[in-house]
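The following paragraphs lead through a single protein chain, moving from its overall architecture to the surroundings of one residue. Please consult the sequence and the structure while reading.

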Amino acid sequence: MGLIVLSTILSIVLGSCAWLVLGDKFPMGNEVKWPVANNICVYAVILLLPVYLTIFVIFSFS
């Protein structure tokens, strides 16, 4: 349970950082972009699985 919470919080933080670097990109191919919160959520969801797997591998081998 702690692994899921940690990876979720970390993916939200990294999603915010990704939004700062990449900006409002979603929806792609559309002139009108979503609000900031929606873009951060999309970035966080994209990063959730890689962050979870990275933390899982680090803690399983240590």
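The secondary structure of the chain in this predicted model consists of two helices and zero strands. The radius of gyration of the chain is 14 Å, well over the 11 Å that the globule rule gives for 62 residues, so the chain is more spread out than a compact globule. The extents of the C-alpha trace can be set beside that value: along the principal axes of the chain, the trace spans about 45 × 15 × 15 Å.

The surface and the contacts of the chain complete this general view. Of the 62 residues, 21% are buried. The chain exposes about 4,500 Å², and 79% of this area is supplied by carbon and sulfur atoms. When contacts between residues at least 6 apart in sequence are considered, 58% of them join residues at least 24 apart.

A44 offers a local view of the chain. This residue lies in helix 2, which comprises residues 36–60. Is A44 buried or exposed? Its relative accessible area is 9%, and because buried means under 20%, A44 counts as buried.

Which residues does A44 touch, if those up to four places away in sequence are not counted? The contacts of A44 are then with S11, I12 and G15. A further spatial relation links A44 to W19: these two residues are 25 residues apart along the chain, and a distance of 9.3 Å separates their C-alpha atoms.

Note on methods:
Residues are numbered from 1 along each chain as its sequence is written. This is a predicted model: local features need pLDDT of at least 70, side-chain atom pairs count only at pLDDT 80 or more; totals for chains, interfaces and linings use all residues. Side-chain values use heavy atoms; hydrogens and water are left out. Helices (H or I, at least four residues) and strands (E, at least two) are DSSP runs, numbered from the N terminus. Buried means under 20% relative accessible area, exposed over 50%, partly exposed in between (1.4 Å probe, protein chains only). Contact means heavy atoms within 4.5 Å. The radius of gyration is taken over C-alpha atoms; the globule rule is 2.2 Å times the number of residues to the power 0.38. Accessible areas come from the Shrake-Rupley method with a 1.4 Å probe; for residues, only the protein chains shown count as cover.
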